[in-house]
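Student: Could you take me slowly through one part of this model, the place where a ligand is held, and explain what surrounds it?

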Amino acid sequence: MFTANMIKEICSTGNFGIEECISILSIEDNELINEIFSCAREITDRFVGRKIYLRGLIEVSNICKKNCYYCGIRRDNKKIKRYMLQFEEIATAINFSYNVGFGSIVLQAGEQTSKEFISLITKCIQYAKRISNGQLGITLSMGEQKKEVFQQWFDAGADRYLLRIETSDPSLYAKLHPCDHSFTRRMECLYDLKEIGYQVGTGVMIGVPHQTVENCARDILFFKEMDVDMIGMGPYIVHPDTPIGAIAHNYNKKRIVQQTLLMIALSRIICRDVNIASTTALEVLDKDAIIKSLYAGANVKMINVTPEKARKHYELYKEKTNPSLLIAVKEFEEMVKASGFDVAYFAKGDPLHFHERKLSCQ
Ligand code: 5AD
Ligand code: SF4
């Protein structure tokens, strides 16, 4: 049985094994959970400060060659309208992000490997670098690609790459994906990205069917072992037109939100100087969870700047929020300030961990 003092003591060492992680993620007592959040926040203040970094999220296309069992834009979902933004539309969203003071943009799309797609992304990266005099940080989230493609985009100016492992347990991975989707291939991609020199982010979904607390605990140890720079974790949200959506009967929204917050806190306590996102999926399940996630140690928020007409089709899950852009930014800033944090404008917001990692390699 844990006490608040025991939590403080183990958090201060940062040395966690699987048993401690499982015990912490299993805590249900609210007072103890708050103790974990406050340890995580203290570590965040010490290692990354109280500034929240914004990223303009551009959902370039919802076309995807993959067929992940949980995802609404999987190849076999014929119910959604597929789109690909034109270069000019992406450029407008990049300009908006830069002018409004987001230090970075995130270009996200379903997995595509055509030459046209690869060149479009290259062109967008070069454009974003050019109009911002190299100031705008560029994150890509485009799934698994050949190493040459990762290299081409890096050479064009991309700084970061997000590729979620989804779960660090290969057997759970196999339950969530068709058999031609390979856990090993995803790991290879993560290693390629690191070798090229990207700031690398990964993450998992929380609350997906078949997942255990031990899986979640091992996911956090995986982040540490992979020495990643950024973590993006969100709750799984049921999408009815998917195979996993059809079997997600015991879905408990409140419990999944709480588990996500605990995962953020424990990731912060263990990984310390990384960037951790407060994800859109979390906001969708519980709007108040944005601030709760900051208290738990998140320090990055993406604001969706995808053109209105396309946004509704980027349907990883149902029930996306859709506030108007400037309201979203303004509302977010007010909410963040009222909670004792600050929004960092015109700041790229590199994860400190990346620079430390680079230094230790020299
Ligand atoms: N609920 C929550 N997150 C999802 N993703 C895909 N489908 C869902 C869903 N139904 C997440 C995956 C993927 C990211 C782009 O979106 O983790 O990596
Ligand atoms: Fe495609 Fe990513 Fe959805 Fe899988 S999770 S179907 S790779 S967009």
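Tutor: Let us look closely at ligand 1 in this predicted model, where the surrounding residues are Tyr-70, Cys-71, Gln-108, Arg-164, Glu-166, Met-205, Pro-235, Tyr-236, Ile-237, Leu-316 and Tyr-317. Sorted by class, this shell consists of eight nonpolar residues, one polar residue and two charged residues. Several polar atoms of the ligand can be followed one at a time. One oxygen atom of ligand 1 lies 2.8 Å from an N or O atom in the side chain of Arg-164, and an oxygen atom of ligand 1 is also found 2.5 Å from an N or O atom in the side chain of Glu-166. With Ile-237 the partner belongs to the backbone, since a polar backbone atom of that residue is 2.8 Å from a nitrogen atom of ligand 1. On its own, ligand 1 has 400 Å² of accessible area, and the protein covers 87% of it. As for its location, ligand 1 sits in the largest cavity.

The largest cavity is also the space taken by ligand 2, whose surrounding residues are Cys-64, Lys-66, Cys-68, Tyr-70, Cys-71, Ile-73 and Arg-74. Tyr-70 and Cys-71 therefore deserve a second look, because they are listed around ligand 1 and again around ligand 2, each with a heavy atom within 4 Å of the ligand. The shell of ligand 2 divides into five nonpolar residues and two charged ones, with no polar residue.

To place this part in the whole, the protein contains 16 helices and ten strands, and its C-alpha atoms fill a box of roughly 55 × 45 × 45 Å along the principal axes. The radius of gyration is 19 Å, which agrees with the value near 21 Å for a compact globule, because the protein has 362 residues.

Note on methods. Residues numbered from 1 in each chain as written. Chains lettered and ligands numbered in written order. Predicted model: local features only at pLDDT ≥ 70, side-chain atom pairs only at ≥ 80, totals over all residues. Heavy atoms only, no water. Polar contact = N/O pair within 3.5 Å; in protein donor to acceptor, adjacent residues only side chain to side chain. Areas by Shrake-Rupley, 256 points an atom, 1.4 Å probe, with all protein chains shown as cover. 1 Å grid on protein atoms, 1.4 Å probe; cavity = no way out; pocket = protein on both sides within 12 Å on 5 of 7 lines; lining within 4 Å. Sits in = over half its atoms within 2 Å of the grid points. Nonpolar A, V, L, I, M, F, W, Y, C, P; charged D, E, K, R; others polar. Helix = DSSP H or I, 4+ residues; strand = E, 2+ residues; numbered from the N terminus. Rg over C-alpha atoms; globule rule 2.2 N^0.38 Å.
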